[in-house]
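Hi,

Here is the structure I promised to pass on. Have a look at it first, and then read on for what turned up.

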Amino acid sequence: MAPNPLFEQVFEELGPEFKKLIERKVGKYDPALDTGEDSDDEPEEMLDTWDIERYLGEVGAPICADEKGRLHLGDVSEPCVGAGCRISKKCKVGRKVGSFHTHPLVGVWPSPQDISTSAYENETFFCIGGRLVDDKPYAACYIPKGPFYMDPFHPLFSFSEEPEGHIRFWRESPPPEAEDLLEIMSDGDLAREYGDEFEVEGETDEERGAKIRQLIEESGDMPDGFFENYESEGEMDTLELYSPSQGERLMDEAFRRLAMFFKTEGRYL
Ligand SMILES: [Zn+2]
């Protein structure tokens, strides 16, 4: 099969950046992370936020193209955990064409949510990086073959091999961000809720609120007042822990399963 020019370009222009992020942010395979889901004992659970971030944290960044079409990574968001991973939708330079994120455990096949987010964002392609055999940095990229609808509950990855273990952990929903807040609150709401914090001048709530909106937009930060009454939500979740030696075989299996929907390519970096 002729090499795909986009994959060639992606690995050439972004491979070194992928590699750096993986080396910095993805831990090596550690069988001790198994929390014993399959044993008869009560499974241990990973509840400590610090542990969860350290062992299961992900980083992500938009992939941007400049006016000559050359690719670079945009601002890196970190750390985030699973569904909490929000990749910036904007590029400071150029336009967003795709995204990159890491997976903390062996296996850089996309989750159903990775697939739906990428489709929703109209990405031309996306890449996922992690560690595989001998903990070597590895990335796989996915180019959708066309618009498609996929049942997110479709058992895309019921692999032929059982994982070595499982990790039970507390998955906290990420708090909303300034962008989300501004979308749901009117200017009047903003003034009534955060007027004390911002102390802006104005005749009416609407006037003051418009100024507060501008300040929040400029800083991109949530008002401090928001967190006074905020309670985080979450639930227990389970991740499958595959060994590095399973990794290569299962990547091939994942590529075969995805072949209907994606062109795929994976490489050691
Ligand atoms: Zn993912």
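**What turned up**

Let me start out on the surface: E199 counts as exposed, because just 9 other C-beta atoms lie within 10 Å, and the cut-off for exposed is 12 or fewer. E199 sits in the loop between α5 (187-198) and α6 (205-219). Its phi is positive, about 45 degrees, although E199 is not a glycine. For background, most residues other than glycine have a negative phi. D135 also has a positive phi without being a glycine, in this case about 60 degrees. You'll find D135 in the loop between β5 and β6. D135 has 17 C-beta neighbours inside 10 Å, so it counts as partly exposed.

Before going further, please keep in mind that this is a predicted model.

Now the overall picture. The protein chain has eight helices and nine strands, and its C-alpha trace spans about 65 × 55 × 35 Å along the principal axes. There are 269 residues in the chain, and 29% of them are buried. If you take the contacts between residues at least 6 apart in sequence, 73% of them join residues at least 24 apart.

The domain assignment gives two entries: domain 1 (5-34 + 52-166 + 242-268) and domain 2 (178-228). Their C-alpha centres lie 36 Å apart.

So what is inside? The largest nonpolar core has 40 residues, and the ones that touch the most other members are F18, C127, A139, A140 and C141. Elements that each supply at least two residues of this core include α1 (5-25), α2 (49-56), β1 (58-65), β5 (125-131), β6 (137-144), β7 (165-172), β8 (234-241) and α8 (244-258). The largest share, six residues, comes from α1. A second, separate core has five residues, among them A191, Y194, I212 and I216.

Which residues does A139 touch, leaving out those up to four places away in sequence? They are F18, V108, C127, I128, G129, G266, R267 and L269.

The strands are worth tracing too. β1 pairs with β4 (residues 95-102) in the antiparallel sense, over six bridges, and in that pairing I63 stands opposite G98. On to the next pair: β4 and β5 run in the parallel sense over five bridges. Here the bridge partner of F100 is C127 in β5, and C127 is also one of the core residues that touch the most other members.

Then there is α8. How far apart should its ends be, at 1.5 Å a residue? For the 15 residues of α8 the expected span is 21 Å, and the end C-alpha atoms are 21 Å apart, which agrees. There is a bend in α8 of about 25 degrees at L250. L250 is also buried, as are Q246, G247, A254 and L258 in this helix. The buried residues of α8 pack against β9 (262-268).

Finally, a few places to click on if you want a feel for distances:

- K20 is in helix α1. K20 has 13 other C-beta atoms within 10 Å and is therefore partly exposed. Its C-alpha atom is 32 Å from that of P147, with the two positions 127 residues apart along the chain.
- S158 lies in the loop between β6 and β7. S158 is exposed, because it has 7 other C-beta atoms within 10 Å. The C-alpha atoms of S158 and G69 are separated by 38 Å, and the two residues are 89 apart along the chain.
- D180 is in helix α4 (residues 178-184). With 12 C-beta neighbours inside 10 Å, D180 counts as exposed. D180 and F18 are 162 residues apart in sequence, and 29 Å apart in space from C-alpha to C-alpha.

If you want a place to begin, try F18: it is one of the core residues that touch the most other members, and one of the residues that A139 touches.

Cheers

Note on methods:
Residues are numbered from 1 along each chain as its sequence is written. This is a predicted model: local features need pLDDT of at least 70, side-chain atom pairs count only at pLDDT 80 or more; totals for chains, interfaces and linings use all residues. Helices (H or I, at least four residues) and strands (E, at least two) are DSSP runs, numbered from the N terminus. A residue is buried if 20 or more other C-beta atoms lie within 10 Å of its own, exposed if 12 or fewer, and partly exposed in between; C-beta atoms are placed from the backbone. Two residues are in contact if their C-beta atoms, placed from the backbone, lie within 7 Å. A nonpolar core is a set of buried Ala, Val, Leu, Ile, Met, Phe, Trp, Tyr and Cys residues joined through C-beta atoms within 7 Å. Domain bounds come from an automatic or database domain assignment. The expected span of a helix is 1.5 Å times one less than its number of residues. The bend at a residue is the angle between axes fitted to the seven residues ending there and the seven starting there. Two strands pair if DSSP finds at least two bridges between them.
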